[in-house]
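Here is a walk through one fold, step by step. Keep the model open as you read.

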Amino acid sequence: MRKVGIGVIGCGVISKAYLTAMKQFSNIELRAVADMRSAAAEQRAKEFGVPGMRVDQMLKRDDVEIVVNLTVPLAHTDVSLAVLNAGKHVHSEKPLGVNVAEARKVMDLAAEKNLRVGCAPDTFLGGGHQTARKLIDDGAIGTPVGGTAFFMCPGHERWHPAPGFYYLRGGGPMLDMGPYYITDLVQLLGPIASVMGAATKPRLERLITSEPLNGTMIPVEVATHVTGTLEFVSGAVIAITMSFDVPKHIHLPIEIYGTAGSLLVPDPNRFGGEVSLAKTGGEWQPQPHTHGNTEGEFRSIGVADMAAAIVGNRPHRASGALALHVLEAMEAFQISSDQGRRIKLETTVERPAMMPPGLATGQIN
């Protein structure tokens, strides 16, 4: 399989994880990095032994087929549109856009130009989540009935060096962490039919306690505690809470309940983790992983899968269509909260194909 050239725009905190993980996939090759901050681009370029440059320079390179958009959420749409207008495929960090209307611009332009759009998260392609998918598809818990999904913490201002964007338009716990959980739920259970939600914003400002901005107050524009239900086309109903306002809790990330058993799904912000199954009347039993890519950081597996899909002329798994469906669901929580009613989704999507069992780490098929 030929190597597909990759360029990265955005050299912030998450870029290091992406660039490191790219080395594990033999079908892609990093060709260049770019950032509006020249110092950031130069630093990452030096670390990973590739050219650092301006964004416009990268978009003119013939050896870059896929551009990975790792900018802040408010810039995702504009950067992705620029990439597509340059005739290149784009894989964006989540969310695909700060709202559905913005994300549709990206999808429409890609369709017009016959280019591909991919989007994080790609953690659902990790071995922990693919193992859970296989168990569900094999009927291990019978017919899925319901479940829970929880991400709750005191806020990212405790650790992130520049956390302000988490609380601006395009941020908040639902758009920040919701993609991991809801994307995994869609690949496990299928498309979402409707959403009911409640969203609150307890504080108008937050105090940064991380360095180097310790002591700085930042404004809060978005809801920081979002809760509600996801009703799936299959009939399963999931209770979900995403919050930056919870000091401590003991909820597990994802539990799926079926007519014949229950399943504990690992943290969807990670690729591996223990999967446990309990049959009706039985105890929890850890399940062996049936898929690879479990131990370590594989952010870029979605990019590698897109590259393989381009070469093999098949659909890619971490697709823009999947991200748009998830984004509509996330946006619906605030709309439901504001309007006090169930929101039926307009988009739908097929479950992405399961990764083949037994692939070794770094392999794509």
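**Helices and sheet**

In this predicted model, helix 6 (residues 127-137) and helix 7 (residues 172-189) have axes that come within 9 Å and cross at roughly 30 degrees. Angles under 35 degrees count as roughly parallel, so helix 6 is roughly parallel to helix 7. The crossing of helix 6 past helix 7 is right-handed.

Look next at the side of each helix that makes this contact. From helix 6 come His129, Gln130, Ala132, Arg133 and Ile136. They meet Asp184, Gln187 and Leu188 in helix 7. By class, the residues of this contact are 3 nonpolar, 3 polar and 2 charged.

Now turn to the sheet. Strands of a sheet pair through backbone hydrogen bonds, either parallel or antiparallel. Here the sheet is open and has 9 strands, with mixed pairing. Read across, the order is 16-15-14-13-7-12-11-8-17. Strand 16 (285-287) and strand 17 (343-344) are the edge strands, and each pairs on one side only.

Take one pair from that order. Strand 13 (residues 254-258) and strand 14 (residues 261-265) run antiparallel, paired over 4 bridges. Glutamate 255 has leucine 264 in strand 14 as its bridge partner.

Helices also lie across the sheet. Helix 6 returns here: it lies across strand 7 (144-152), strand 13, strand 14, strand 15 (275-279) and strand 16. Its angle to strand 14 is about 165 degrees. Angles over 145 degrees count as roughly antiparallel, so helix 6 is roughly antiparallel to strand 14.

Helix 9 (residues 320-339) lies across strand 8 (192-200), strand 11 (225-232), strand 12 (237-243) and strand 17. Helix 9 runs at about 50 degrees to strand 8.

Methods. Residues are numbered from 1 along each chain as its sequence is written. This is a predicted model: local features need pLDDT of at least 70, side-chain atom pairs count only at pLDDT 80 or more; totals for chains, interfaces and linings use all residues. Side-chain values use heavy atoms; hydrogens and water are left out. Axes are lines fitted to C-alpha atoms, for helices over the stretch in contact, and angles run from 0 to 180 degrees between N-to-C directions. Helices (H or I, at least four residues) and strands (E, at least two) are DSSP runs, numbered from the N terminus. Angles under 35 degrees count as roughly parallel, over 145 as roughly antiparallel, 65 to 115 as roughly perpendicular and the rest as oblique. A crossing is left-handed if the near helix is turned anticlockwise from the far one by less than a right angle, and right-handed if clockwise. Contact means heavy atoms within 4.5 Å. Ala, Val, Leu, Ile, Met, Phe, Trp, Tyr, Cys and Pro count as nonpolar, Asp, Glu, Lys and Arg as charged, and the others, Gly among them, as polar. Two strands pair if DSSP finds at least two bridges between them.
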